[in-house]
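User: I would like to go through this model step by step. Please keep the answers short and end each one on the value or name I ask for.

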Amino acid sequence: MKLVILSATIGAACAFAPSVSHTTSYVSSLSMSTEGEESVSTEDVVAAEPVVAAINGWVPDDKLPCYGLPGAISPFGFFDPLGFTKDKELVGVKRLREAEVMHGRVAMMATVGYLIGESTPTMAYGFTIPHTIGNDQIPEIPGTILFPFFLAINIAEAARASIGWVEPGMGPLFTLREGYYPGDIGFDPFGLKPDNAKDFDNMQAKELSNGRLAMFAAAGMCAQEVVNGKGILDNLGF
């Protein structure tokens, strides 16, 4: 009788042993599968994170004014009272900065041009100083000289557009290339462009400051000559 009970007990124990093993195996497989899925999901999330390459040390940051572009200069800091950049996308901010830099460069040349054009002896206007005011000089230039002058401007603008702007039909109109830094067309014959991000940011801020001042100066010079018909230095008493 004892032998029968002992045999039954061993048989029952053996019957339950494989079931536990299978359950453990199943739980282990399920755990490994879950870990694998979590690993894959984590890898997918990491791989999906966008990587933005720095352009001249600048990486767009939507938490900063103008996405972190230089130009917020003391004493005003970030100055945009009319809200041109408010809620503006990165493409729009880059386009505005491109326009500001280019107009600033033209204004700086125009400011110097007013002073030199009116105060330099020439064959056309003679050697008496001052002579014809700047506003009247361009209309008096012969067309044979103006044509190549404006042709050179058109060629330079076409080259700038091909470097920095997306071609029509290849994307939205008036869009700068993704890897293009506003104003950096690669023209640096004297090698003045800094190699590190901090110095480049500082030089860009100086260029913007001078360009902004020059835009006011050129507009003021033009308006002053329209009002009283005097040259810039002549009006100042020189």
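User: Which residues does the UniProt annotation "binding site" cover?

Analyst: This is a predicted model. The annotation comes from an unreviewed UniProt entry. The residues under "binding site" are Glu100, His103, Lys206, Glu207, Asn210, Arg212 and Gln224.

User: Which residues of this set does the lining of the largest cavity take in?

Analyst: The full lining consists of Glu100, Val101, Gly104, Glu207, Leu208, Gly211, Arg212 and Met215. The annotated set and this lining share Glu100, Glu207 and Arg212.

User: What volume does the largest cavity have?

Analyst: The count of cavities of 30 Å³ or more comes to one. The volume of the largest cavity is about 40 Å³.

User: Which helix gives the most to the lining of the largest cavity?

Analyst: Helix 2 and helix 5 each supply at least two lining residues. Helix 2 spans residues 90-119, and helix 5 spans residues 197-228. With five residues, the top contributor is helix 5.

User: Where is the place of His103?

Analyst: His103 belongs to the annotated "binding site" set. Its helix covers residues 90-119. The place of His103 is therefore helix 2.

User: Is Arg212 buried, partly exposed or exposed?

Analyst: Arg212 sits in helix 5. Its relative accessible area is 25%. Buried means under 20% and exposed means over 50%. The value of 25% falls in between, so Arg212 is partly exposed.

User: Leaving aside neighbours within four places in sequence, which residues is Arg212 in contact with?

Analyst: One of these partners, Glu100, is also in the annotated set. Glu100 and Arg212 both line the largest cavity. With neighbours within four places left aside, the contacts of Arg212 are Gly71, Ile73, Arg97 and Glu100.

User: Which backbone oxygen does the side chain of Arg212 reach, and at what distance?

Analyst: Gly71 is among the contacts of Arg212. The side chain of Arg212 reaches an oxygen of the backbone there. The atom is the backbone oxygen of Gly71, at 3.0 Å.

User: How many helices and strands are there in the protein?

Analyst: From the N terminus, the elements run α-α-α-α-α-α. The totals are six helices and zero strands.

User: What share of the residues counts as buried?

Analyst: The protein exposes about 17,000 Å², and carbon and sulfur atoms supply 68% of that area. The protein has 238 residues. The share that counts as buried is 20%.

User: What share of the contacts with a separation of 6 or more comes from residues 24 or more positions apart?

Analyst: Take the contacts in the protein with a separation of 6 or more. Residues 24 or more positions apart account for 56%.

User: Which peptide bond is cis, with omega near 5°?

Analyst: Most peptide bonds are trans. Here, Pro75 lies in the loop between helix 1 and helix 2. The cis bond runs from Ser74 to Pro75.

User: Is Tyr67 buried or exposed?

Analyst: Tyr67 is in the loop between helix 1 and helix 2. Its phi is positive, near 55°. Its relative accessibility is 17%. That is under 20%, so Tyr67 counts as buried.

User: Is Phe174 buried or exposed?

Analyst: Phe174 is in the loop between helix 4 and helix 5. Its phi is near 55°, a positive value in a residue other than glycine. Its relative accessibility is 59%. That is over 50%, so Phe174 counts as exposed.

Conventions
Residues numbered from 1 in each chain as written. Predicted model: local features only at pLDDT ≥ 70, side-chain atom pairs only at ≥ 80, totals over all residues. Heavy atoms only, no water. UniProt positions renumbered as here; feature names shortened; annotations may be inferred. 1 Å grid on protein atoms, 1.4 Å probe; cavity = no way out; pocket = protein on both sides within 12 Å on 5 of 7 lines; lining within 4 Å. Helix = DSSP H or I, 4+ residues; strand = E, 2+ residues; numbered from the N terminus. Buried < 20%, exposed > 50% of the residue type's maximum accessible area, 1.4 Å probe, protein only. Contact = heavy atoms within 4.5 Å. Polar contact = N/O pair within 3.5 Å; in protein donor to acceptor, adjacent residues only side chain to side chain. Areas by Shrake-Rupley, 256 points an atom, 1.4 Å probe, with all protein chains shown as cover. Points joined across faces, edges and corners; volume = space filled by probe spheres on them.
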